[in-house]
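Let's go looking for empty space inside a protein, and then see how two of its helices meet. Have the structure open while you read.

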Amino acid sequence: MNADQGLGKYQRKLWFWLNRIVNGLSSLQTPSDLRVANYSPHITSVLWKQLPATSSPSRRLSDLFWLDLPWDKTCAGLGEVRVLDAGCGSGNLALTLWEQSRGRIERYVGFDIDEHPNWAQLRAEHNWASFLRGDSSEVRSLIPDNTNLFVSQSAIEHFPEDLTFFGGISNYLKAYGKPALQIHLFPSVACLRLYGLHGIRQYSPGSVARITRLFDGFSSSMLYKLGGAAVNQLHYDFITKPLSEGKPDRRNTETDKYNQNMLEVIATDAAHDDPEAGFYALVIESFMERPNFT
């Protein structure tokens with residue numbers, strides 16, 4: 001059941017209950033074969049002011065995670081970087097990767113189920129970027145030769161067959177047999193309460209372990225928690241609660257307070273080993289002699 005496609009009254013109730021049941025069952029699993037760590041972002045006043053002032057906590061933490069990537073080590077491990085961005089949407093992540101890598105992206109290919117109006121402009125302005133329409137369940141046929149960096153931002157929760165998607169990447173990597181890196185950012189189980197009707201599912205370490213096991217034998221993985229209980233409470237207080245009560249989004253009416261509080265709760269969650277997560281970043285390194293993230 002996909003909440004993005006419009007659900008009737010009883011379908012919405014069923015969607016919520018199915019996700020609660022699945023999340024509850026998967027949260028009972030504590031996989032011993034998946035390492036989990038807190039993400040502690042490097043925040044400077046200059047960097048903080050560059051980020052959108054009213055972006056959600058999960059988007060802010062995701063932006064910080066992308067900006068924190070160690071590109072010198074990544075390029076040393078991968079060589080020429082050739083990207084496939086799954087569920088790329090507008091394709092704007094291409095510009096972030098290009099800028100942060102200081103132009104060390106040889107090729108970027110983004111795909112999504114529907115074409116985005118922004119693609120034409122990006123193609124025209126950047127000869128290293130291209131886009132195509134495609135279904136995530138058929139990713140194996142969409143992967144260009146010699147792709148070695150797979151990324152996705154807030155996408156896999158929308159894929160009807162997420163394990164089929166990762167299985168396609170696994171099959172490609174087994175045949176490729178060279179160093180490769182995957183970075184996927186997606187919602188935690190807490191996002192069911194915070195986001196409401198959004199996508200198909202949320203994730204826990206138990207459900208993520210089903211993904212990482214597809215790469216056993218040639219990869220190492222790390223699941224990073226982006227925020228925790230304090231970040232989630234901030235989201236609820238400023239976004240979820242007022243909107244559910246028909247009131248204005250407090251990010252727009254109390255922007256300065258929102259940003260100050262966000263700095264505080266990000267620091268709080270990074271310093272505590274809280275079992276709750278706000279969002280996740282999954283990193284999988286394959287055929288790497290010296291893993292940089294995991």
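## The largest cavity

Start with the lining of the largest cavity, which by class has 8 nonpolar and 4 polar residues, and no charged ones. Keep in mind that you're looking at a predicted model. The space itself comes to about 60 Å³.

So who is standing around it? The residues lining the largest cavity include Pro57, Ser58 and Leu61, along with Cys191, Leu194 and Tyr195. Val231, Asn232 and His235 are also part of that lining, as are Leu226, Gly278 and Phe279. Three helices each give two or more residues here: H3, H9 (191-195) and H11 (229-244).

## The second largest cavity

How many cavities of 30 Å³ or more does the structure hold? There are 2. The second largest has about 40 Å³ of space.

Its lining has another mix: 2 nonpolar, 4 polar and 4 charged residues. You can pick out the charged names yourself, since Lys225, Asp269, Asp274 and Glu276 are all in the lining. Also there are Asn38, Tyr39, Gly227, Gly228, Ala270 and His272.

## The largest pocket

Now for the pockets. The largest pocket has a volume of about 450 Å³. It is lined by 19 residues. Which of them lie nearest its centre? Look for Arg59, Asp63, Asn92, Leu93 and Thr96.

In the lining of this pocket you'll find 8 nonpolar, 7 polar and 4 charged residues. Helix H2 (45-50), H3 and helix H5 (93-100) each supply at least two residues of that lining. You've met H3 already, as it also gives two or more residues to the lining of the largest cavity.

## Where H3 meets H13

H3 has one more job for your eyes. At what angle do H3 (residues 57-67) and H13 (residues 255-271) pack? It's about 60°, and their axes are 11 Å apart. The crossing of H3 past H13 is right-handed.

On the H3 side, the contact is made by Pro57, Arg60 and Leu61. Tyr258, Asn259, Met262 and Ile266 do the touching from H13. Sorted by class, that contact has 5 nonpolar residues, 1 polar and 1 charged.

Two of these names should ring a bell: Pro57 and Leu61 make contact with H13, and they also line the largest cavity. Try finding Pro57 and Leu61 on the model, then look at the cavity they line and at the H13 residues in the contact, such as Met262.

Conventions: Residues are numbered from 1 along each chain as its sequence is written. This is a predicted model: local features need pLDDT of at least 70, side-chain atom pairs count only at pLDDT 80 or more; totals for chains, interfaces and linings use all residues. Side-chain values use heavy atoms; hydrogens and water are left out. Axes are lines fitted to C-alpha atoms, for helices over the stretch in contact, and angles run from 0 to 180 degrees between N-to-C directions. Helices (H or I, at least four residues) and strands (E, at least two) are DSSP runs, numbered from the N terminus. A crossing is left-handed if the near helix is turned anticlockwise from the far one by less than a right angle, and right-handed if clockwise. Contact means heavy atoms within 4.5 Å. Ala, Val, Leu, Ile, Met, Phe, Trp, Tyr, Cys and Pro count as nonpolar, Asp, Glu, Lys and Arg as charged, and the others, Gly among them, as polar. On a 1 Å grid over the protein atoms alone, a cavity is a set of points where a 1.4 Å probe fits but cannot get out, and a pocket is an open set with protein on both sides within 12 Å along at least five of seven lines; lining residues have an atom within 4 Å of a point. Grid points are joined across faces, edges and corners, and a volume is the space filled by probe spheres set on the points.
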